[in-house]
Amino acid sequence: MIDAFSPADRHASDTENPAAATLARIHARAAIGVLAQTMTSRVASDHARVAAGRALLDQGFGRPEPDVGNQEKGESFAEILAAARQRVIDYKALYGDT
């Protein structure tokens, strides 16, 4: 299990700005508490509640990998983009620029 407060689990950004990393570790528990309170607040806006929930999930589980391309068919994003462009060209050839 990764412990964000353990020196062994520090990230590359710690060496880039050690003062900011130290401040982040000092205030991490309080920040997570504020996010949790905001997420469950009845008076916070929906936007604030969703943002707080997303921040907590990202912190706890990491951000999801973007879904780029069709992995089952082995298509890359560039291939999908090229096919989409071709469909636009074909559509314009059939129906004009309308």
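**Exercises on a four-helix chain**

Helix 3 has 16 residues, and its first and last C-alpha atoms lie 22 Å apart, close to the 22 Å expected at 1.5 Å a residue. The model examined in these exercises is a predicted one.

**Exercise 1.** Determine how many helices and strands the chain has, and which pattern they follow along the sequence.

*Solution.* The chain has four helices and zero strands. Read along the sequence, the pattern is therefore written α-α-α-α.

**Exercise 2.** Compare the span of helix 4 with the span expected at 1.5 Å a residue.

*Solution.* Step one: helix 4 covers residues 77-95, which amounts to 19 residues. Step two: the expected span is 1.5 Å times one less than the number of residues, and for helix 4 this gives 27 Å. Step three: the end C-alpha atoms of helix 4 are 27 Å apart, in agreement with the expectation.

**Exercise 3.** Identify the glycine that takes a positive phi just after helix 3, and the one that does so just after helix 4.

*Solution.* Just after helix 3, the residue is G62, with a phi of about 85 degrees. Just after helix 4, G96 takes a positive phi of about 85 degrees.

**Exercise 4.** Classify the packing of helix 2 and helix 3, and state which residues make the contact.

*Solution.* Step one: helix 2 (residues 18-40) and helix 3 (residues 46-61) pack at an angle of about 140 degrees, their axes being 8 Å apart. Step two: helix 2 is therefore oblique to helix 3, since roughly antiparallel would require an angle over 145 degrees. Step three: from helix 2, the contact involves I32, L35, A36, T38 and M39. Helix 3 contributes A48, R49, A52, G53, A55 and L56 to this contact. Step four: the crossing of the two helices is left-handed.

**Exercise 5.** Locate the aromatic pair in the structure and describe its geometry and exposure.

*Solution.* Step one: a search of the whole structure finds one aromatic pair. Y91 and Y95 form this pair, with 4.8 Å centre to centre and 40 degrees between the planes, and it counts as tilted. Step two: both residues lie in helix 4, four residues apart, about one turn of the helix. An α-helix has 3.6 residues a turn, so residues three or four places apart point the same way. Step three: Y91 has a relative accessible area of 46% and is partly exposed. Y95 counts as exposed because its relative accessibility is 54%, and the cut-off for exposed is over 50%.

**Exercise 6.** State what percentage of the residues of the chain count as buried.

*Solution.* Of the 98 residues in the chain, 9% count as buried.

Definitions and conventions. Residues numbered from 1 in each chain as written. Predicted model: local features only at pLDDT ≥ 70, side-chain atom pairs only at ≥ 80, totals over all residues. Heavy atoms only, no water. Phe/Tyr/Trp six-rings, centres within 6.5 Å; stacked < 30°, edge-to-face > 60°. Buried < 20%, exposed > 50% of the residue type's maximum accessible area, 1.4 Å probe, protein only. Axes fitted to C-alpha atoms, helices over the stretch in contact; angles between N-to-C directions. Parallel < 35°, antiparallel > 145°, perpendicular 65-115°, else oblique. Left-handed = near helix turned anticlockwise from the far one by under 90°. Contact = heavy atoms within 4.5 Å.
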